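Open the model in a viewer and keep the selection panel at hand. The stops below go from a pocket to a strand pair and then to two rings.

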Amino acid sequence: MDLYVIIRRNGWRTAADLEEAAARSAAEGDKTPDDIRWIRSYVLDEGDGAVGTVCIYQASSPEAIHEHAQRAGLPVDEIIPVADTVLVRPDPEPASA
């Protein structure tokens with residue numbers, strides 16, 4: 001599987017909507033673990049309470065990402081293959097942790 005960044009701009013009206021979508025995404029991903037795996041997401045403040053995401057997935061292809069998103073009812077604005085990873089320091093702990 002290859003690594004991809006998925007951009008979802010203004011995907012949800014509220015954080016609660018995003019939480020429901022995340023549950024659907026995880027459930028769908030569990031059905032095809034050899035085809036797609038959700039690694040992490042960064043939630044974007046899109047203003048007016050709306051949120052988007054930048055998601056990191058492992059997948060067998062961009063088509064597998066589109067199929068997963070369709071089954072889970074998720075938007076997909078852009079899929080970008082990751083060429084390499086440069087880790088300067090780990091992600092900071094979330095403010096709510």
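Start by selecting L3, R40, Y42, I56, V82, D84, T85, V86, L87, R89, P90 and D91, the residues that line the largest pocket. The model is predicted. The volume of this pocket is about 280 Å³. Colour the lining by residue class: 7 residues are nonpolar, 1 is polar and 4 are charged.

Keep R40 and I56 from that lining and hide the rest. I56, in strand 3, is the bridge partner of R40. Now show strand 2 and strand 3 as a whole; they pair in the antiparallel sense, over 10 bridges. Go next to the turn of this hairpin, where 2 residues lie between the strands, and select D48. The phi of D48 is positive, near 55°.

Which rings should be selected for the aromatic stop? Take those of W38 and Y57. A search of the whole structure gives 1 aromatic pair, and the ring centres of W38 and Y57 are 6.3 Å apart with the planes at 10°, so this pair is stacked. Planes count as stacked when they are under 30 degrees apart. W38 belongs to strand 2 (residues 36–47) and Y57 to strand 3 (residues 50–59), so the pair links parts of the chain 19 residues apart.

Finally, add the surface. Is each ring's residue buried or exposed? W38 has 37% relative accessibility and counts as partly exposed, whereas Y57, with a relative accessible area of 2%, is buried.

Conventions
Residues numbered from 1 in each chain as written. Predicted model: local features only at pLDDT ≥ 70, side-chain atom pairs only at ≥ 80, totals over all residues. Heavy atoms only, no water. Phe/Tyr/Trp six-rings, centres within 6.5 Å; stacked < 30°, edge-to-face > 60°. Helix = DSSP H or I, 4+ residues; strand = E, 2+ residues; numbered from the N terminus. Buried < 20%, exposed > 50% of the residue type's maximum accessible area, 1.4 Å probe, protein only. Pairing = 2+ DSSP bridges. 1 Å grid on protein atoms, 1.4 Å probe; cavity = no way out; pocket = protein on both sides within 12 Å on 5 of 7 lines; lining within 4 Å. Points joined across faces, edges and corners; volume = space filled by probe spheres on them. Nonpolar A, V, L, I, M, F, W, Y, C, P; charged D, E, K, R; others polar.
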